[in-house]
Amino acid sequence: MINITFNPKTFTLDVTGHAEHGKKGEDIVCSAISTLFYTLGEALYESREMMAEDIVFSDEDGNGHLSCKPKAEYEGNIARTYWTILVGFDLVAKNYKKNVTLNVVG
């Protein structure tokens, strides 16, 4: 099971676990979640001038972490970027309930 946790107050996203929907390298659920996660990372990187601090990104053994601290005047922009990607995570979670959970905390 892939567990996705987002904290909108701290702009922190954690993705842990494995979908186990298909063979390694052929798992469409894992592929969808990975694509969304890396898209968010790249979008934040492309918006780095809006950040008050460096973006924190890690991806080890299928576990991902992404966090940032936007400048106050850009919080809305960065929040929209996260929420857009979360719509994608939610669509995958709704269609593959046995493989993905999405939690918004904070």
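Two strands count as a pair if DSSP finds at least two bridges between them. Keep that in mind as you go through these close-ups, which all come from a predicted model.

**View 1. Here's the E3–E4 hairpin.** Strands E3 (56-60) and E4 (63-67) pair in the antiparallel sense, with five bridges holding the match. Look for Glu 60, which stands opposite Asn 63 in E4. Just two residues sit between the two strands of this hairpin. One residue in the turn is Asp 61, and its phi is positive, at about 50°.

**View 2. Now for the whole sheet, an open one with five strands.** Read across it and you get the order E3-E4-E2-E1-E5, with mixed pairing. Which strands stand at the edges? They're E3 and E5: each has a single partner strand, so one side of each has no neighbour in the sheet. From one strand to the next, the twist averages 5°. If you're new to sheets, strands pair through backbone hydrogen bonds, and they can do so parallel or antiparallel.

**View 3. Zoom in on E2 and E4, an antiparallel pair.** Four bridges join these two strands. Asp 14 is a handy landmark, since it stands opposite His 65 in E4.

**View 4. Two helices lie across the sheet strands, H1 and H2.** H1 lies across E1, E2, E3, E4 and E5, and it runs at about 25° to E4. H2 lies across E1, E2, E4 and E5, running at about 145° to E5. Does H2 come out shorter than, longer than or in line with its expected span? With 21 residues at 1.5 Å a residue, it should span 30 Å, and its end C-alpha atoms are 30 Å apart, so the two agree.

**View 5. This one's about the buried side of H2.** The buried residues of this helix are Ile 78, Ala 79, Tyr 82, Ile 85, Leu 86, Gly 88, Phe 89, Val 92 and Ala 93. What covers them? The cover includes E1, E2, H1, E4 and E5.

**View 6. Meet the largest nonpolar core, with 26 residues.** Leu 13, Tyr 82 and Phe 89 have the most contacts inside it. E1 (2-7), E2 (12-17), H1 (28-46) and H2 each chip in at least two residues. H2 gives the largest share, with eight residues. Take a closer look at Phe 89: skipping residues up to four places away in sequence, it touches Ile 4, Leu 13, Ile 33, Leu 36, Phe 37 and Leu 102.

**View 7. Leu 40 is a residue of helix H1.** Is Leu 40 buried or exposed? It's buried: the relative accessible area is 1%, and the cut-off for buried is under 20%. Leaving aside neighbours within four places in sequence, Leu 40 is in contact with Leu 13, Leu 66, Thr 81, Tyr 82 and Ile 85. Leu 40 and Ile 85 are 45 residues apart along the chain, yet their C-alpha atoms are separated by 6.5 Å.

**View 8. Last stop: Asn 99, in a loop.** You'll find Asn 99 between helix H2 (75-95) and strand E5 (100-104). Asn 99 is buried, with a relative accessible area of 10%. Who are its contacts, once neighbours within four places in sequence are set aside? They're Met 1, Ile 2, Ala 19, Glu 20, His 21 and Val 29.

Note on methods: Residues numbered from 1 in each chain as written. Predicted model: local features only at pLDDT ≥ 70, side-chain atom pairs only at ≥ 80, totals over all residues. Heavy atoms only, no water. Buried < 20%, exposed > 50% of the residue type's maximum accessible area, 1.4 Å probe, protein only. Contact = heavy atoms within 4.5 Å. Core = buried A, V, L, I, M, F, W, Y, C linked by side-chain atoms within 4.5 Å. Expected span 1.5 Å × (residues − 1). Axes fitted to C-alpha atoms, helices over the stretch in contact; angles between N-to-C directions.
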